[in-house]
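Q: Please give a close look at a single helix and say which side of the chain's packing it belongs to. Then go on to the strands and cores, and to how far the prediction can be read.

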Amino acid sequence: MNDLTPASFVYTDGDTDTNRTDTVTLNELAAQRLSRRQTLRGGSAILAATLGSSMLAACDSADVESDPAPTVSAGAATTTTAGRVVTLTGTSDASAVAWTQTGGPAVTLNGAGGATATFLAPSVASATALTFQFAAANGNTASTATTTVTVNPATLGFTAVAKNKLDVVSVPAGYKVQVINRTGDPIAASVPAYKNDGTDTNFAQRIGDHGDALYWYGLAATGTARDETSSTRGLLVQNHENINQQYLHPAGATNVGGVRPEAEALKEIENHGVSVTEAVEGANRAWSVVQNSSLNRRITPNTPMTFSGPARGSDLLKTVFSTAGTDGRGTINNCANGTTPWGTALTCEENWAGYFRRSGDNAARTAKELTALSRYGVTSSTGNFGWSTVTAADTANTTFRRWDARATGASATTDFRNEPNQLGWVVEIDPYAPASVPKKRTALGRLGHEGCWPGAFVAGRKPAWYMGDDSRREYLYKFVSATAWVAADATATNRLATGDKYMDSGTLYVAKFNADGSGTWLPLVFGQNGITAAAAIYPFADQADVLVNARLAADVVGATPMDRPEWTAVNPVTGEVYLTLTNNNAALRPLNGTDAANPRHYNDPFGPTNTAQFGNPNGHIIRLREAGDTTEATSFTWDIYLFGAGADLDPANINISGLTADNDFSSPDGLWFSRTSNAAGQNKPLLWIETDDGAYTDVTNCMLLAALPGKVGDGGARTITNTGTGGATATQATRVGAAPGANLKRFLVGPVECEITGIDTTPDGRTLFVGIQHPGEGGTPAAPTSHWPDSQATGTAGATVRPRSAVVVITKDDGGVVAL
């Protein structure tokens, strides 16, 4: 395929030569003594397609016998790897030259009408030859030469970034960092620029704080239509998990007699939720956000929402605001995410329990209610940030009262005792329809949701979503739809109605990991596996009760408690499911309380005083393969892909994955596989790993790593010796994946006190978006501990410049696929 004026690097990964022709070659034509005009006008594929009108014009000005054949060279054969930019350089003394591809998987040639052409090397499973012809015309004669480019499978094509504690985003040589979507940036036409001094207001039309998981939804070049192939214009949907409260106000948060000011509390509330912003690539690959886009939107804890699925209308969801138990307000503590093939975003409500005030009302509660409240941690006497203490100027305004979950009225419909049950769900949002009402999908259960990533969508097969529950000793869940996938639904125009079809009915499962490397999905269904009204742990009333109290149902069936299960990711080629287990402490993972799936108890000394950190402070990544490689499976096999550790720790029992200075890490959190629309997501897909660490921050800021993982079972059984306080030991058998070696490298290190979270690329893989959350979270307004992103350009900034969460846009200088 020969494109003389391409707009960007794209390619088709195929195994068919689309440039084949039955037309004879130039040498054959010469041997047959065909006339000049017969040759050039009669359809030589090489000349007509490659040199075109320039050669034909030359033919009319001279005779074939009067012009010498041009000299031509296509350059030496070269070798590259998938995803990299390849430059073809031809030389000739002719005035008209051009390149064409003659063999191998088809690629798009950029600049094919000149001596130098470029293309992106396609994804290949093994060494593959691509051949190219360079043709030159001199008057009315022509010459050609060929060259071969051998493309090998993808490798990590960058030098690892060194661990550091700088106040910048550090990336490999050959890459550029841009910053967009900073906390407070305006996303509506009339909103003024952010002053970043604590006086700004109206965060319902500004980017929120603590940007977390994000995803790119492509837009057509014009209009607002969905175009999932677009890599230059699209919508970034980003979660806003929490706040750096101190930087949102002039001198930090205030209260008078234990009562928070209404304006301060409103600002803090609006900083939570989700943002939808239109982002575009301009000249010289400069990225910006369209402030006045009609698609820009903030979804906050105050945004109207509706419930769908089995728990809709349940007595457990009824409040004075929604006496029918069908509607609610907003979403909060949105951490990881998910997506659907029909173009909607899934945002996940994680650590929502602490925002509620609840104490002193036990006498007004039933024993069941107290069990559920305790199991989910709704036990605070004031609630995060004290929002429930606000006395609203409008007495009818319940924006702040809703955070008081005490039973103060005559029934659940006269107060907000059930408000905690309205949070902890997966929420579906249509980013292309800013007036649409988001839906809380109750069939997926109420947890501390840390992601909801889909498995493979196969026509005729029921799809599934995989979900972590972000707290120590919580579980891994899977929701399997009751409806088999219909491929045509990927282009449905009523996207939320399509969500109704696939996400409102199905089976919620929880994982049990066995010591022999097998596992079982246990259904959380009322009436099965002890989930009944007679359950000793908690007497369930119906399926709505099971879903509202999914953690208790998982307790009943005997799921495996994990070391803080967070993000899930699914390998788009193998279908294998990866889960980050961020860390655990000695109290919840004691020396004699390990198991095969959570096998380590050790110490990672911290700081100059070597403060003890026993338990599993560095975390690990587990992965599983569904039986039959289907999302409908009820059993699986598993192993541990990676163990977090410092490179200096015991290689036999702690640094089990053999990490080095180029790839050692701690506390894996975010996890994402590259898109299948580019070389990074094909054949052996690229896995991105983000950290949220406190155990290794004496050595380095949090980081982003790139990996090319193998498959479940590529390692083997292993027995390790754990060591507790006082030198006591215990052995634990486990299942260990192959050591990563050069297939794991540190790609990025963030600024001071940040978390790296949220990641996606454009479909072509040439632009990477990464969230930088809460830099300088330990500082004060008078003495910030970070000045990022203002510090990005020079490494320093004014001493009182306040830090802000933001999204970094990372591109490769040569235009290749990021990380390859």
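A: **Helix H6 and beyond**

Helix H6, residues 367-376, has Ala-372, Leu-373, Arg-375 and Tyr-376 among its residues as buried positions. These four lie on the same side of H6, because the arc they cover around the axis is only 165°. The model is a predicted one, and the values here are computed from it. On the face of H6 turned away from the buried side sit Ala-367 and Ser-374, which are exposed. What do the buried residues of H6 pack against? Their partners are two helices, H8 (543-548) and H9 (550-557). Just after H6 comes Gly-377, with a positive phi of about 80°.

The next topic is the nonpolar cores. The largest one has 92 residues, and Phe-513, Trp-688 and Phe-747 are the members that touch the most others. Another core, of 51 residues, lies apart from it; Cys-348, Trp-387, Tyr-538 and Leu-552 are among its members.

Cys-348 also belongs to a strand that can be described from both sides. Strand E18 covers residues 345-349, and 5 of its 5 residues are buried. Ala-345, Thr-347 and Glu-349 are buried on one side of E18, and Leu-346 and Cys-348 are buried on the other, so that both faces of the strand are covered. Strand E17 (residues 334-339) pairs with E18 in the antiparallel sense over 4 bridges. Within that pairing, Gly-338 has Leu-346 in E18 as its bridge partner. The hairpin of E17 and E18 leaves 5 residues between the strands, and Gly-343 takes a positive phi near 90° there. E18 is also joined to strand E19 (residues 426-429), again by 4 bridges and with the strands running antiparallel. Leu-346 stands opposite Glu-428 of E19.

Strand E8 shows another pattern. In a regular strand, side chains alternate between the two faces of the sheet. Along E8 (residues 141-152), Thr-141, Ser-143, Ala-145, Thr-147, Val-149 and Val-151 point to one face and are buried. The other face of E8 carries Ala-142, Thr-144, Thr-146, Thr-148, Thr-150 and Asn-152, which are not buried. Strand E7 (residues 128-138) is joined to E8 by 11 bridges, and the two run antiparallel. Asn-138 stands opposite Thr-141 in E8. Between E7 and E8 the hairpin has 2 residues, and Gly-139 takes a positive phi near 70°. Strand E2 (residues 78-81) is joined to E8 by 4 bridges, and these two strands run parallel. In this pairing Thr-80 stands opposite Val-151.

Thr-78 also serves as a reference point for Pro-454. In sequence the two are 376 residues apart, and their C-alpha atoms are 39 Å apart in space. Pro-454 lies in strand E21 (residues 453-454). Is Pro-454 buried or exposed? Its relative accessibility is 10%, so Pro-454 counts as buried. Leaving out residues up to four places away in sequence, Pro-454 touches Thr-339, Ala-464, Trp-465 and Val-570.

Further along the chain there is an open sheet of 4 strands. Their order is E33-E34-E35-E38, and the pairing is antiparallel. E33 (668-673) and E38 (744-749) are the edge strands, each pairing on one side only. From one strand to the next, the twist averages 25°. E33 and strand E34 (residues 687-691) run antiparallel and are joined by 4 bridges. Pro-668 has Thr-691 in E34 as its bridge partner.

Last comes the confidence of the prediction. Over the chain the mean pLDDT is 93, and 92% of the residues reach 70 or more. Which elements have the lowest and the highest mean pLDDT? Helix H2 (residues 36-41) is the lowest at 34, and strand E35 (residues 703-707), a member of the open sheet, is the highest at 99. Residues 1-48 stay under 50 in pLDDT, and the model gives this stretch 99 contacts beyond four places in sequence. Residues 53-64 also stay under 50, with 27 contacts beyond four places in sequence.

Definitions and conventions
Residues numbered from 1 in each chain as written. Heavy atoms only, no water. Buried < 20%, exposed > 50% of the residue type's maximum accessible area, 1.4 Å probe, protein only. Arc of directions from axis to C-beta. Contact = heavy atoms within 4.5 Å. Pairing = 2+ DSSP bridges. Axes fitted to C-alpha atoms, helices over the stretch in contact; angles between N-to-C directions. Core = buried A, V, L, I, M, F, W, Y, C linked by side-chain atoms within 4.5 Å. pLDDT = per-residue confidence, 0-100.
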